[in-house]
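The exercises below ask the reader to work through a structure step by step, and each task is followed by a worked solution. Please keep the sequence and the coordinates open while reading.

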Amino acid sequence: MVGISLGYAAEPNRTVYLTVCGLLAAVVLIFMGMLWYTRLRKYQHYGVLGLLVLVSLAAAGLIRTWQPHPGIDRKHFSHYPAAALVGYVGDEPTVRGETIRFPLMVTHVYGDSGMAAVRGTLMLTIHRADTLPIAFTYGDELIVPATYRQVPPPYNPGEIDYRSFLANRNCWHQAYIPLHEVQKIGKDKGLALRAYALSVRQQMVAKFSRYIRDRDALSIASTLILGYRAELREELLQAFSNTGTIHVLSVSGMHVIIVYWLFSRLFWWMDRGTALRVAKLMVLLLAVWGYALLTGFSPSVLRAATMASFVIAGATFRRQSRIYNSIAASAFFLLLYHPKFIAYIGFQLSYLAVLGIVFLYAFFRQAVPSGNRFTKPVLAYASVSTAAQAGAGPLAAYHFHHFPLYFLPANLLVVLPVSAIMYLGFVLLAIPYVPFASVIAVVLEQLILAVNRALHVIEGWPGSVVNGIWVPWWELPLMYGLLVAFVLAMNLRSKRWAVCAGVCMVLWTLSSFMSWFSQHDRDEMVVFNVQGDIAIGLIGQRNAWLYSNLAYPDDRKVNYSVRPKLTAHVPEKAVRFIPYGSSYGDGRVYVSGPVIQFGGRCMMIYDGRESFTGHLAVDILLFRNNPSIALESLTKMVSCRRLVLDGSNNDVTIARLKAEAEAMDIPVYVLKNNFAYVWDEEAHLP
C-alpha cells in the first residue's frame, strides 16, 4: 500500500521507474544472498531480511501502479501515429439512449508504415440510431478510426472526476465515433473463460426475462443475483441508495455466503476422510470463484471470494481462522492482482464495512444484550447493519454527499426477503423449463415488487435522506479516529483512549464550524463550463440561484456539471431556477435582459444581438456565440473589468478577442476546454 500510494502521489516518470526497477532487483539479489549465506541460522539478521521484504513490496507496488501508464509503457498505442486502431471489446457494452459504450482493448495500430502491435485501453462511445440493433459483444474484434483524444479533467467544481475514474482502470483516452465508421473484423479475441461466463450470464438473464414480466422486478433480480445492471433504472438505484440498502445490489459477502452454504449442503457427504474433504474444498472453491466470475469480478465480490477461500481452506485442514489476517491477506492478494483497486470506491467501502462489523459487532451486542430467542436474531442483524454503516458511512457520505437516516429499518425489512429472493432465483435458474418454474417465478416477482414498494415507502418518509453533505478530506481521519478511540475507551475502560476521542471530537467540531463560518457570508458567482450552453450559479448566504438555458435539475448536463456545486451549499429544493432570457428580482439577485446583478457585482452576457444607448459599466462581460463586433467598439458602450469567453465561441473568435483584450489591457478568461470561472468575494479584479 505504501508503494501504491507513492505511485498515486507522484507523476509517473520513466527515469524514476527504471531506478525503482533496479532497486527491486538489487533488493531481491541481496535477500537471496543473505538467505544463502545465513541459512536462516543467524537470528540477528531476521530484522534485515524483513526490511528487505517490505522494501521490495513497496517497490513492486509503485512499479505495478506506474507500469500501464503511457508515460512508462513505450508500447502504448498513443505513441504511434496511426490512421486506424484494431482492438477487441473488453467488457459488456453499456447502452444509454443513442450511445453504446465499452472499453476497447487496442492490440494493433495501422499507419503509413503498416501494422504495429501495441497495447492500451480506449474508452469508445459509438453513436447509433435507435432502430439499429446492438451488434457488439465481449471479444468482438473491431477496427476504428484513430480519432481519439485524452480524457479531459473535470471542468466544474464538484464535478465527477471521470479522468481519474478511467485512469484507475488504466484508460487515459476516449473516442466518440458514429456507428458507420466502426467495422467488425473478428470475434472471440478476449479471455475465453470470461467470454464463457458472460455468455452464461446472458443466458440466465434471458431465462429470467422469459418468466418475470415486470421490468423492474426483472432488473432487480438480474442485478441482485447475477450482478447484471444494464437494465436497472436510475430511479430504482436511487431508492436503494436513499434507504441505505444499496449494498444488496452489489454482489458481495452475503451473496458469496449463500453460494457457499448451498454447495456445502449439497456436498455434505464429502465431510468424511481427508481425500473427500480436499475434493469438497475444490468443489467449494470452484463454486465461489465461478460465481465471482459470473457476476463480473467486482471489488466487493473479489474481497468476499478471497476471504471465503481462506475460511474454507482453514475449515478443511482444521486450522483456526483469524479474521483480521483473512481481511489483510485478501486485500494483499487483490492489490497484487490489480494495485489500483485501492482507489476504487467499492473496494474501500467493502473493506470498511467488513472492518466495521468485525470491530463494532461485539460492542453493539454488549451494549444491547438480549436473551429472548425472538428478538435475538433481530438485534443481531441490527448490530451487524449498524456496525457496517458506521464503518462505511463516513466515506460514503464523503463520496456521495448524502446519508440515509432510515437505513436500520430498511435493512431489517429487506434482509429476509432478499435472502428468499436469492434462493428462489437460484432455484429458478437451476430447474428445467417446467410449469413449476412459472410458479416460482410468480412468487419471486411478487416478492421483489413487495420489497420495491416497501423501499419506496421508506424513501418517502420525512427526512429520509440528509443531502448536501460535503466533508473535507481531513475530517475523515478525525471521524474514524473518534469512532475507534471511543470504542476502545469503552471496551478497555481507558482514560487515554477517552482523551484521544475527546481530542478528535474537538478538532472535528472546530473544522466543521470553520467550514460553515467561511461559507456562510461568502458570495460566489460561477460561470460553469457546459460547452455551448450557458449556466451561471449565484451562491451566497445559504441561498443559490441558477441562470441557464438548461432545465434544472432534469437535464443530464446540469446533473453532471452544475448540480454538485449548488447542492454543496443549499438543499436541492432551495435552488431557485431562472430561465435564460427571463427577468427576475428578489432583493439579492436582479436579472433584466442580458444583465445580471448579484449583490455588489454585475455581469453582462453579450452575443452580438444587443444594441445600447449610453454607457454601462460591468464587472464581467461574457461573450457568447461568436459576436463579430470589435471589442474596442463594444467597450465604448459597455466597459468591463474582465472578459470571459465561453465554449459557444469558435477558436478563431476566441483568438481574435484575446488579442484585442490584451491590446486593451483587459484580463481574459477562456472557458472553452478550461475550468469554470469562479468569482468569490475575495477575488480581486483589476
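**Exercise 1: a pocket and its lining**

The second largest pocket of this predicted model has a volume of about 530 Å³. Find which residues lie nearest the centre of this pocket and which helices and strands each supply at least two residues of its lining.

*Solution.* Begin with the residues: the lining of the second largest pocket comprises 21 residues, and those nearest its centre are Glu11, Pro12, His69, Ala167 and Trp172. Next, assign the lining to secondary structure, where at least two residues each come from helix 1 (2-9), helix 3 (46-66), helix 4 (162-167) and strand 8 (171-178). Finally, sort the lining by class, which gives nine nonpolar, eight polar and four charged residues.

**Exercise 2: a nonpolar patch on the surface**

Determine which residues form the nonpolar patch on the surface that has about 610 Å² of accessible area together, and decide whether Phe332 is buried, partly exposed or exposed.

*Solution.* The patch is formed by Val53, Leu54, Leu57, Phe310, Phe332, Phe333 and Leu336. Mapping these residues onto the secondary structure shows that helix 3 and helix 11 (323-337) each supply at least two of them. Phe332 is placed in helix 11, and because its relative accessibility is 37%, Phe332 counts as partly exposed. For contrast in burial, take Leu335, which also lies in helix 11; with a relative accessible area of 9%, Leu335 is buried. As a further step, measuring from C-alpha to C-alpha in the model places Leu335 and Val427 at 35 Å from each other, with their positions 92 residues apart in sequence.

**Exercise 3: salt bridges that join separate parts**

How many salt bridges does the count come to, and which parts of the chain are tied together by the pairs Glu524 with Lys565, Asp619 with Arg641, and Asp651 with Lys672?

*Solution.* The count comes to 15 salt bridges. Take the pair of Glu524 and Lys565, whose closest N and O atoms are 3.1 Å apart. Glu524 belongs to strand 12 (residues 524-527) and Lys565 to helix 18 (residues 556-567), so this salt bridge ties together parts that are 41 residues apart in sequence. Checking burial, Glu524 is buried at a relative accessible area of 11%, and Lys565 is likewise counted as buried at 12%.

Turn then to Asp619 and Arg641, whose side chains meet in a salt bridge at 3.0 Å, N to O. Asp619 sits in strand 20 (residues 616-623) and Arg641 in strand 21 (residues 638-645), so the parts tied together here are 22 residues apart in sequence. In this pair Asp619 counts as buried, at 11% relative accessibility, whereas Arg641 is partly exposed, with a relative accessible area of 35%.

For Asp651 and Lys672, the salt bridge has an N to O distance of 3.2 Å. Asp651 lies in helix 20 (residues 651-663), while Lys672 is in the loop between strand 22 (668-670) and strand 23 (677-680), so the pair ties together parts that are 21 residues apart in sequence. Asp651 counts as exposed at 56% relative accessibility, and Lys672 counts as partly exposed at 26%.

To complete the exercise, look for residues joined in a network: Asp216, Arg233 and Glu235 are linked by salt bridges in this way.

**Exercise 4: positive phi in loops**

Where do Arg493 and Asp665 lie, and are these two residues buried or exposed?

*Solution.* Start from a general expectation: most residues other than glycine have a negative phi. Against this background, Arg493 has a positive phi, near 50°, and Asp665 has a positive phi near 60°. Locating them, Arg493 is in the loop between helix 16 (475-492) and helix 17 (495-520), and Asp665 is in the loop between helix 20 and strand 22. The last step is accessibility: Arg493 counts as exposed because its relative accessibility is 69%, and Asp665 is exposed, with a relative accessible area of 69%.

**Exercise 5: a loop residue and a distance**

Find how far apart Pro553 and Gln597 are in space, C-alpha to C-alpha.

*Solution.* Pro553 is placed in the loop between strand 14 (543-548) and helix 18, and at 23% relative accessibility Pro553 counts as partly exposed. Pro553 and Gln597 are 44 residues apart in sequence, and their C-alpha atoms are 23 Å apart in space.

Methods
Residues numbered from 1 in each chain as written. Predicted model: local features only at pLDDT ≥ 70, side-chain atom pairs only at ≥ 80, totals over all residues. Heavy atoms only, no water. 1 Å grid on protein atoms, 1.4 Å probe; cavity = no way out; pocket = protein on both sides within 12 Å on 5 of 7 lines; lining within 4 Å. Points joined across faces, edges and corners; volume = space filled by probe spheres on them. Helix = DSSP H or I, 4+ residues; strand = E, 2+ residues; numbered from the N terminus. Nonpolar A, V, L, I, M, F, W, Y, C, P; charged D, E, K, R; others polar. Patch = residues over 30% accessible without salt bridge, like charges linked within 9 Å, V, L, I, M, F, W, Y side chains within 5 Å. Areas by Shrake-Rupley, 256 points an atom, 1.4 Å probe, with all protein chains shown as cover. Salt bridge = Lys/Arg side-chain N within 4 Å of Asp/Glu carboxyl O. Buried < 20%, exposed > 50% of the residue type's maximum accessible area, 1.4 Å probe, protein only.
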